[in-house]
Amino acid sequence: MLPPWGLMWTLAIAVYAGCKSTTWLGPRVPQAPLWKQAAYLLGWPGMDAVSFFGHARISTRSAGRSIEWRASTATLVFGAALLFAIARLIPQEYEYLIGWTGMIGIVLILHFGLFQLLSCYWRSLGIEARPIMNRPLASTSLSEFWGRRWNTAFRDLAHRFLFRPFTAWFGPRFGLFAGFLFSGAIHDLVISVPAEGGYGGPTAFFAIQGAAMIFERSAFGRRMGLGKGWPGRAFTFLVLAAPVFLLFHRPFVVRVIVPFMRAIGAL
């Protein structure tokens, strides 16, 4: 029987593989040599097969610059320090804090470190592999954060297979909200099921994001200055940060992340 962290990774990989194969087998995907298909499936976490397999070489301005290589490497090293060194310094009775420290380290290692380095590498070869994380801290609105800057791999897939169909069926507002609810259900599967607790927390988090984005785009929200400037930044930070403990709830952090850290020798 799998430990909780093993079940989490199994579910996450299964969801990822299903999504990846859907994009790979799409009708609009151009023909590509076998090596490029293997690179897309095994060497790139993005979900935009059309761009990756495209024949047009990207410009050198959009290719991975040396500053991107250095910043990504530094981020990866810092994430590893959080996971394998700093987390050890926290007293064992503060498991929740230990888990959060390790979880942040894992995100920095993967999403902002390794995945960014892969983006730099493929772009240096002339292949369009847009960064998975596109400076999310620069977001001035929730629409910008979820639509263009945070986990663009999932965004590409969700926009095509969730938000676009739901919008056609239910209209823009209800379609947007339904897409976020579905995303929350997927996160509940990967996060709450292995933890055997915290059920509904991730779904509630994404429901809040959808409702807040609808409010942000409303006439009243625009009159408040949301969606741009400092009001937009403050609103975005508040909506993302205040309910984040619903997404990564205590059962998940303590029962899944901390044991995983012990299993890999981080603790």
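1. In this predicted model, the lining of the second largest pocket comprises six nonpolar, two polar and six charged residues. The pocket encloses a volume of about 240 Å³.

2. The lining of this second largest pocket numbers 14 residues, and those nearest its centre are Arg28, Met47, Asp48, Asp156 and Arg160. Two elements, α3 (49-52) and α7 (152-170), each give two or more residues to that lining. The most is given by α7, which supplies seven residues.

3. The confidence of the elements bears on how the pocket is read. Across the protein, the mean pLDDT is 90, and 96% of the residues reach 70 or more. Confidence is nevertheless lowest in α7, with a mean of 75, and α7 is also the element that gives the most to the lining of the second largest pocket. At the other end, helix α13 (residues 250-263) has the highest confidence, at 98.

4. The length of helix α5 (residues 95-124) merits a separate remark. Its 30 residues, at 1.5 Å a residue, should span 44 Å, and the C-alpha atoms at its ends lie 41 Å apart, so the two values agree.

5. Helix α5 also carries a kink of about 25°, and the centre of this kink is Leu108.

6. The backbone following α5 should be inspected as well. Gly126, just after that helix, adopts a positive phi of about 90°.

Definitions and conventions: Residues numbered from 1 in each chain as written. Predicted model: local features only at pLDDT ≥ 70, side-chain atom pairs only at ≥ 80, totals over all residues. Heavy atoms only, no water. Helix = DSSP H or I, 4+ residues; strand = E, 2+ residues; numbered from the N terminus. Expected span 1.5 Å × (residues − 1). Bend = angle between axes of the 7 residues up to and from the residue. 1 Å grid on protein atoms, 1.4 Å probe; cavity = no way out; pocket = protein on both sides within 12 Å on 5 of 7 lines; lining within 4 Å. Points joined across faces, edges and corners; volume = space filled by probe spheres on them. Nonpolar A, V, L, I, M, F, W, Y, C, P; charged D, E, K, R; others polar. pLDDT = per-residue confidence, 0-100.
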